Amino acid sequence: MTKNSIEVGPVTDEKEARTVIDIVSHALFFTHFDLNQWVEREGLENFRAARRNGQTIGGYTVQRMGHWFGGRSIPTGGIRAVGVAAEHRSGGVGAEMMRSAIRELHRDNIPLATLYPATQTVYRRAGFEVAGVRMAYKMATRDIDARGPMLPIRPALDADHAAMREVYQRVARVTSGNLDRSDWMWHRILNPPPWMPSVSVNLVEREGVCEGYIVVGHKIGATPLDVRLDINDVAVTSGDALRRLLGFVADHRSVARDVRWVGGPANGSELVLTEQLFTHDERMDWMLRIVDVVAALEQRGYPKGLTAELHLEVRDDVIAENNRKFLVEIADGRAIVREGGRGGLSVHIRGLASLYSGMFSPQPLCNAGLLQGSDEDFSIASAVFAGPTPWMVDFF
């Protein structure tokens, strides 16, 4: 290691983890947090530090989770809380941290990496690309007019968490991009840290069987009467449960003027609301990195009944094992990947991330200079990666 080179690795102890937290909190303008709780909730083993000449100058954390694509869960490393000390920015520290993270995940046989970018440039240098959306909606509680059968609704107990997870999994596995949540993520949802608003959790049941749940917080505006409900998480397995939970939210109209929720481009609630009175409050795209091309392609699910051959030539500046030609054989909803083939579809690892998730079809990626191929290769790729627009409710 040269005098000015950057070393990235696990933190040595809690003291260095706190140094990383201090750097990240200043970089991202975090306030009102407890250092000890942050280390405890994040897990010391998940902190990484960047060092130059023995000085800690940046860091991040990585959480192991999964993504649902094609009905199958693919392991991912969720990279979060990335920060570099102000005096060391624009010196390649962030890019080196991301390259190190990708190499570590590759060694650990984790096929994907995911993050929410504060800026896209540094992550694109490491092979990440936009691969899904997280959309927030807002609506006046008085305008919610969906009503359904008065199914029982009650506060959730700790003993109900297993049933809630099953409801979530049933919903998430048929989407593209939603997380296969880890215990860490579930704890974050149901037990937010003290510096975040508290939440209430309620279940809707039919004959004792959970058909949905809702996790609700609130935000107070300029006056005590300016209250907004924030739906942090919700999942339902029936139309009756959806209508019941919409009615439950509407019943807060005397104390909360508005309600905000997060979802995808089409969630189904618009099918039961009488009018389109909701607005788009926010959108943030998340980024994906294909860490291991073979594992990512073989572990993903594909359209049933489709039989196809996809000839890829992948360009990857970080992981040499990805930088080659691959023959992808699709049948019975699964893929077998072999090295070789004619390389008809030439794609940068960034473009492969967007194609893999279903965020973009081949033509927009071609227009962006991330993919080249014939019309026939484009048509095959479109069929192979067909599916709903990828989205994610969770933020990390």
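Which strands does helix α9 lie across, and at about what angle to β16 does this helix run? In this predicted model, α9 (residues 349–357) lies across β13 (308–315), β16 (345–348) and β17, and runs at about 105° to β16. Helix α11 (residues 375–384) packs on the sheet too, touching β13, β14, β16 and β17. The direction of α11 makes about 100° with that of β13.

Now for the sheet under those helices. It's an open one with five strands, ordered β15-β14-β13-β16-β17, and the pairing is mixed. At the edges you'll find β15 (334–339) and β17 (371–372); each has a single partner strand, so one side of each has no neighbour in the sheet. Strand β14 (residues 325–331) pairs with β15 in the antiparallel sense, over six bridges. Look along that pair and you'll see L327 standing opposite R338 in β15.

On to the other sheet. This open sheet has twelve strands, again with mixed pairing, in the order β1-β2-β3-β4-β5-β12-β6-β11-β10-β9-β8-β7. Its edges are β1 (6–10) and β7 (153–155), each with a single partner strand, so one side of each is left without a neighbour in the sheet. On average, and ignoring direction, neighbouring strands here are turned by 30° against each other. Strands β5 (residues 112–115) and β12 (residues 279–290) run antiparallel and are joined by four bridges. L115 stands opposite M287 in β12.

Helix α3 (residues 93–107) lies across β1, β2, β3, β4, β5 and β12. Here is how the helices sit against their reference strands:

| Helix | Residues | Reference strand | Angle |
|---|---|---|---|
| α3 | 93–107 | β3 | about 45° |
| α9 | 349–357 | β16 | about 105° |
| α11 | 375–384 | β13 | about 100° |

Then there's α7 (residues 239–250), whose twelve residues reach 16 Å from first C-alpha to last, close to the expected 16 Å. Nine of the twelve are buried, so α7 is largely enclosed by the rest of the structure. Among those buried residues are R244, L245, G247 and F248. The buried residues of α7 pack against β7, β8 (200–206), β9 (209–220), β10 (227–236) and β11 (258–263).

What about the nonpolar cores? The largest has 57 residues, and those with the most contacts inside it include Y213, I290, L312 and V384. Leaving aside neighbours within four places in sequence, L312 is in contact with residues including L297, R324, F326, G343 and L352. A second, separate core has 32 residues, including M139, L151, L229 and L245.

Terms used:
Residues are numbered from 1 along each chain as its sequence is written. This is a predicted model: local features need pLDDT of at least 70, side-chain atom pairs count only at pLDDT 80 or more; totals for chains, interfaces and linings use all residues. Side-chain values use heavy atoms; hydrogens and water are left out. Two strands pair if DSSP finds at least two bridges between them. Helices (H or I, at least four residues) and strands (E, at least two) are DSSP runs, numbered from the N terminus. Axes are lines fitted to C-alpha atoms, for helices over the stretch in contact, and angles run from 0 to 180 degrees between N-to-C directions. Contact means heavy atoms within 4.5 Å. A nonpolar core is a set of buried Ala, Val, Leu, Ile, Met, Phe, Trp, Tyr and Cys residues joined through side-chain atoms within 4.5 Å. Buried means under 20% relative accessible area, exposed over 50%, partly exposed in between (1.4 Å probe, protein chains only). The expected span of a helix is 1.5 Å times one less than its number of residues.
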